[in-house]
Amino acid sequence: MNWTHVLMAAYAGAAITIVTGLMRKKGWLSKGSAAVLVAVFIALWNFIDIRYLQAQKNAQTAEARFDAMVQRVPTWQLMAEHEPKLFSELRNQVVVLMKAGANEQKIIDTIQPRFSALQMQRMPLASDQLVVAETRVLIDQTVEMQKISDDACFRFHYPEVKGGVNPVALNSRETLKRRLDTDYAMLQATYGPDKHTITPQEEKQAQADLEPIVRQLYSKYGEDVQLLNHPDKASGKEKVVCDMMLEILHGVQALPQERAAGLYRSLMLEASRS
């Protein structure tokens, strides 16, 4: 079982979360649609190969197999320490599924939404630097995907439409390592004494910073912007969708760090309310 994938599925959906927040703030997306977009999954992340478990002759029980994998993934250890109730519930869910013979994707699909909710909940508490670092890695992942093909980029962000891709095969090792490192650093920091507090001033500035991004998007792409709301209708326009995703992300990244982080936080909070 590949536990690292569950950790990163939520962050691979960060672009969807940002777009969701963008659309909902302007009234273009219903709460129901927002919930679907935020729940996006990506393809398997094979940093921890299932063959590791197959080689562990002593890990015969589902409980032992789960615990063995947790020891290899620091972010899961972090959750066990700071979110013991959630961790225990997830462990029990996974053990039941493993004993029932569920495949890897079934287990991931069952527990990932709760992990995604935790990550979205914690990110607004992270520092400006960590929030921006998270999204910068996401941009790099998306750019690398699109260099492979527009279809790979589209599948990376919308696996529920055409099926996902394997980022390990398409992203560079350096980018994948930064993904893991930044995820862990962000979560770890949000449980420390220096948690960020969103102020009314930050919210007001985020609203002001959002307007020109929205105007530019519609000025350049017109009604194609609605494909972000309806990716199932984007057949033949995968490049347009990926270009729009990157344009939104780059637009936010172009802001000064404090304002970029503030806008990301605002969009994520808006999407999480769906």
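**Around Met244 and Gly262**

Biologist: Which residues does Met244 touch, not counting residues up to four places away in sequence?

Modeller: Contact means heavy atoms within 4.5 Å. By that rule, Met244 reaches Leu217, Tyr221, Asp224, Val225, Leu227 and Leu228.

Biologist: What kind of model is this?

Modeller: Residues are numbered from 1 along each chain as its sequence is written, and side-chain values use heavy atoms, without hydrogens or water. Local features need pLDDT of at least 70, side-chain atom pairs need 80 or more, and totals for chains, interfaces and linings use all residues, as the model is predicted.

Biologist: How many residues does helix 15 give to the largest nonpolar core?

Modeller: Such a core joins buried Ala, Val, Leu, Ile, Met, Phe, Trp, Tyr and Cys residues through side-chain atoms within 4.5 Å. This one has 42 residues, and Leu217, Leu228, Val241, Met244 and Leu263 touch the most other members. Helices 9, 10, 13, 14, 15 and 16 each give two or more residues. Helix 15 gives the largest share, eight.

Biologist: How far does helix 15 reach from its first C-alpha to its last?

Modeller: Helices are DSSP runs (H or I, at least four residues), numbered from the N terminus. The expected span is 1.5 Å times one less than the number of residues. For the 16 residues of helix 15, 22 Å is expected, and the model comes close, at 23 Å.

Biologist: Is Gly262 buried or exposed?

Modeller: Gly262 sits in helix 16 (residues 257–272). Buried means under 20% relative accessible area, exposed over 50%, partly exposed in between (1.4 Å probe, protein chains only). Gly262 has 3%, so it is buried.
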